[in-house]
Amino acid sequence: MNHFDIHSERLLLTPLGFDFLESVNEYALDYENTKYMFHLPNESSEETAAFLKGVEEEWAKENPESFEFAVIRQGRQIGAVSIYLEDGTGELGWIMNKKYWGNGFACEAAKALIDYFAEHFGVRHFIAHCDTENIASRRTMEKLGMARTGEYGGRMNRAAQRESSEYQYELNL
Ligand SMILES: CC(C)(COP(=O)(O)OP(=O)(O)OC[C@H]1O[C@@H](n2cnc3c(N)ncnc32)[C@H](O)[C@@H]1OP(=O)(O)O)[C@@H](O)C(=O)NCCC(=O)NCCS
């Protein structure tokens, strides 16, 4: 698929890939930055590189199902947002480098992603999940206008010693 960028007031969303290895490592290898995440932290830069290779391969497909974007602020990557399309539903994900938390960047990036995929891909239903203890992510979903529609146990975050629970949130446009 042709690569495309998404612009918001303060941010640029551009396809994630190998060029961002160093800035992805900054958050993907960090425990505090990833403790509520299902697939992170990565154990090594090699693991991040393998992930980014997969991201590039997905972007190269004619009809990708999964779109990963680097979030760029003033020329610097500050995080990433993603959307996975399945049966007309878009599953959202986000992570910001902890240096930039609390500035409204996650909400702004996710809102731009939702608006873009609604307009250009006709997506009307969005879903997202987070650990029930992940207050920042939960607040992000609520600020996006998403409603809580489920709570499930049995979540095993990669860095966790024990199972936790997760919330499901949904948005219908
Ligand atoms: C979740 C995350 C992406 C939010 O990024 P952010 O750019 O700091 O978020 P925003 O600034 O847009 O803030 C969103 C809301 O969360 C709140 N928030 C942010 N950090 C918070 C914290 N540590 N505790 C409580 N609320 C918090 C903000 O105040 C805001 O709500 P408010 O306007 O009602 O106050 C970021 O915390 C992060 O990267 N976490 C680690 C990765 C992760 O867990 N990703 C989600 C996996 S499901």
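Biologist: How many nonpolar, polar and charged residues does the shell around the ligand have?

Modeller: The model is predicted. Its ligand is surrounded by 21 residues. Sorted by class, two are charged, seven are polar and 12 are nonpolar.

Biologist: Which helix gives the most residues to the shell around the ligand?

Modeller: Three elements each supply at least two residues of that shell: β5 (89–96), α4 (105–121) and α5 (135–143). Among the residues that come nearest to the ligand are Ala136 and Arg139. The largest share, six residues, is from α5.

Biologist: Where do the buried residues of α5 lie on the helix, seen down its axis?

Modeller: The buried residues in α5 are Ser137, Thr140 and Met141. Viewed along the axis of α5, they fall within an arc of 95°, so they line one face of the helix.

Biologist: What covers the buried residues of α5?

Modeller: Two of the elements that supply the ligand shell, β5 and α4, are part of this cover. The cover also includes two further strands, β6 (125–131) and β8 (164–172).

Biologist: Which residue with a positive phi follows α5?

Modeller: The phi of this residue is near 85°. The residue is Gly145.

Biologist: Which elements do the buried residues of α1 pack against?

Modeller: Helix α1 (residues 21–28) has Val24, Tyr27 and Ala28 as its buried residues. They line one face of the helix, because they fall within an arc of 95° seen down the axis of α1. Their packing partners are α2 (31–34), α3 (45–60), β4 (76–86) and β5.

Note on methods. Residues numbered from 1 in each chain as written. Predicted model: local features only at pLDDT ≥ 70, side-chain atom pairs only at ≥ 80, totals over all residues. Near = placed C-beta within 6 Å. Helix = DSSP H or I, 4+ residues; strand = E, 2+ residues; numbered from the N terminus. Nonpolar A, V, L, I, M, F, W, Y, C, P; charged D, E, K, R; others polar. Buried ≥ 20, exposed ≤ 12 C-beta atoms within 10 Å, placed from the backbone. Arc of directions from axis to C-beta. Contact = placed C-beta atoms within 7 Å.
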